[in-house]
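This report introduces a protein structure to a reader who has not met it before. It proceeds from the sheets to the cores and then to the backbone.

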Amino acid sequence: MTVLVVDSPFEAGTDLILGELASAGVPVFRMDTAQFPVELEFRATFGNGRWEGVVSDAYRSVLLSGIKAVYWNRPGTFQFSGLSEADENFARGAARIGFGGVLTSLEAPFMNHPSKASAAEFKPRQLQVASAAGLTVPRSLVTTDAQAVRRFAKLVDAPIITKPLGIPVVSHEAGYEQMYTRVVDLGSLSGVSMTAHLFQEQVEKDFEVRLIFVGNECHSARIDAGSEQALIDWRTDYDSLTVAPIATPCAIENAMKRYAAVMDLAYFAADFIVRPSGEWVFLEANPSGQWAWANSPDLPLAAAISRTLEDWCHT
């Protein structure tokens with residue numbers, strides 16, 4: 001009864017989960033898809049309606065039939081050296097369909113299945129599903145038209161913000177730049193036409209909440225920002241934050257369960273702004289959102305995740 005953990009080797013949250021599983025005596029096989037095929041090998045045969053075989057590295061192996069739960073977070077891309085660009089693309093595609101196809105066909109519950117997690121990353125759909133689930137969402141615009149942005153700002157009659165729609169990291173010659181939420185300068189919209197951008201009304205806030213949905217439970221952390229930049233995006237200044245557990249309102253918890261059912265997710269990290277009136281406003285839900293920074297004895301997120309995986313092993 002093994003838990004398969006598929007992730008990069010540098011995720012603090014995954015290390016915490018492995019520690020909890022080890023304490024509970026639950027066997028784990030940890031791997032990263034970036035290890036294939038140099039450090040990982042596998043064989044799989046299809047018969048009697050399922051794939052049977054083994055995955056192994058230099059130290060251990062696991063039977064596919066022995067995997068009873070899968071924790072799939074943020075594994076790396078397949079790596080091939082010494083190949084031409086065309087051959088590398090071919091090899092990567094074959095690895096994704098072959099090796100990845102066998103893994104994603106496992107008859108075990110996933111947290112989360114990569115196909116479901118990928119579909120759940122689309123922020124416009126997140127807003128639609130959240131609204132249908134009964135949550136309040138900000139008025140939003142997706143566009144490449146600067147004039148549409150100005151009309152939207154006039155419509156909401158308030159400051160507007162913009163946030164990345166894709167991977168929030170831009171690579172430059174000098175290194176990497178992290179993209180954060182920022183207030184829009186309506187006089188500087190020349191880059192809007194380059195690609196799709198998301199704009200939203202800036203919601204008045206008392207504080208923010210990172211809600212971790214695990215299994216069928218909600219675990220919420222109140223986030224109070226202690227600097228001007230953290231008030232716009234708390235990820236910009238972790239040192240200024242005060243984080244504490246907070247009870248999840250029943251209406252929010254029920255809405256999150258409806259959201260999870262539609263997206264078919266066993267885990268996600270949702271962000272909310274709480275207005276001075278006490279209303280919770282949904283911002284987004286990341287199917288592989290980080291939580292290690294909020295883990296504590298008062299908010300034992302690693303224990304909640306590992307307990308769910310352990311329970312799946314015994315189902």
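Two strands are said to pair if DSSP finds at least two bridges between them. The model described here is predicted.

## The four-stranded sheet

By that criterion, four strands form an open sheet in the order 8-13-9-12, and their pairing is antiparallel. Strand 8 (140-143) and strand 12 (182-183) occupy the edges, each with a single partner strand, so one side of each is left without a neighbour in the sheet. Helix 5 (residues 146-156) packs on this sheet and touches strand 8, strand 9 and strand 13. The direction of helix 5 makes about 175° with that of strand 8.

Within the sheet, strand 9 (residues 160-163) and strand 13 (residues 197-201) are joined in the antiparallel sense over four bridges. Thr162 has Phe199 of strand 13 as its bridge partner.

## The five-stranded sheet

Another open sheet consists of five strands in the order 16-15-14-17-18, again with antiparallel pairing. At its edges are strand 16 (242-246) and strand 18, each of which pairs on one side only. From one strand to the next, the twist averages 25°. In general, the strands of a sheet pair through backbone hydrogen bonds, in either a parallel or an antiparallel manner.

Strand 14 and strand 17 run antiparallel and are joined by eight bridges. Ile212 stands opposite Ala269 of strand 17.

Two helices lie across strands of this sheet. Helix 7 crosses strand 14, strand 15 (217-224), strand 17 and strand 18, and runs at about 140° to strand 17. Helix 8 (residues 301-313) lies across strand 14, strand 15 and strand 17, at about 20° to strand 14.

## The nonpolar cores

Nonpolar side chains tend to be buried together in soluble globular proteins. The largest nonpolar core of this model has 25 residues. Those with the most contacts inside it are Leu211, Met256, Tyr259, Phe268, Phe272 and Phe282. Two or more residues each come from helix 4 (123-132), strand 14 (207-214), helix 7 (250-263), strand 17 (267-274) and strand 18 (280-286). Of these elements, helix 7 gives the most, with six residues.

What does Phe268 contact, leaving aside its neighbours within four places in sequence? The residues in contact with Phe268 are Leu211, Ile212, Phe213, Met256, Tyr259, Ala260, Ala285, Asn286 and Pro287.

Apart from the largest core lies another, of 24 residues, among them Leu21, Ala69, Tyr267 and Trp291.

## Backbone features

Most residues other than glycine have a negative phi, and most peptide bonds are trans. The table lists exceptions in this model.

| Site | Feature | Value |
|---|---|---|
| Phe36 to Pro37 | cis peptide bond | omega near 5° |
| Met111 to Asn112 | cis peptide bond | omega near -10° |
| Asn48 | positive phi, not a glycine | about 55° |
| Asp157 | positive phi, not a glycine | about 55° |

Each of these sites can be placed along the chain. Pro37 belongs to the loop between strand 2 (28-31) and strand 3 (41-47), while Asn112 is in the loop between strand 7 (110-111) and helix 3 (114-119). Asn48 is found in the loop between strand 3 and strand 4 (50-56), and Asp157 in the loop between helix 5 and strand 9.

Are Asn48 and Asp157 buried or exposed? A residue counts as exposed when its relative accessible area is over 50%. Asn48 has a relative accessibility of 82% and is therefore exposed. Asp157, with a relative accessible area of 69%, is exposed as well.

## The protein as a whole

The protein contains eight helices and 18 strands. Its radius of gyration is 21 Å, close to the 20 Å that the globule rule gives for 315 residues, so the protein is as compact as a globular protein of that length. Taken along the principal axes, a box of roughly 60 × 50 × 35 Å is filled by the C-alpha atoms.

Buried residues make up 44% of the 315 residues. Of the contacts with a separation of 6 or more, 65% are between residues 24 or more positions apart. The accessible surface comes to about 16300 Å², and carbon and sulfur atoms account for 51% of it.

Conventions: Residues are numbered from 1 along each chain as its sequence is written. This is a predicted model: local features need pLDDT of at least 70, side-chain atom pairs count only at pLDDT 80 or more; totals for chains, interfaces and linings use all residues. Side-chain values use heavy atoms; hydrogens and water are left out. Contact means heavy atoms within 4.5 Å. Axes are lines fitted to C-alpha atoms, for helices over the stretch in contact, and angles run from 0 to 180 degrees between N-to-C directions. The radius of gyration is taken over C-alpha atoms; the globule rule is 2.2 Å times the number of residues to the power 0.38. Buried means under 20% relative accessible area, exposed over 50%, partly exposed in between (1.4 Å probe, protein chains only). Accessible areas come from the Shrake-Rupley method with a 1.4 Å probe; for residues, only the protein chains shown count as cover. A nonpolar core is a set of buried Ala, Val, Leu, Ile, Met, Phe, Trp, Tyr and Cys residues joined through side-chain atoms within 4.5 Å.
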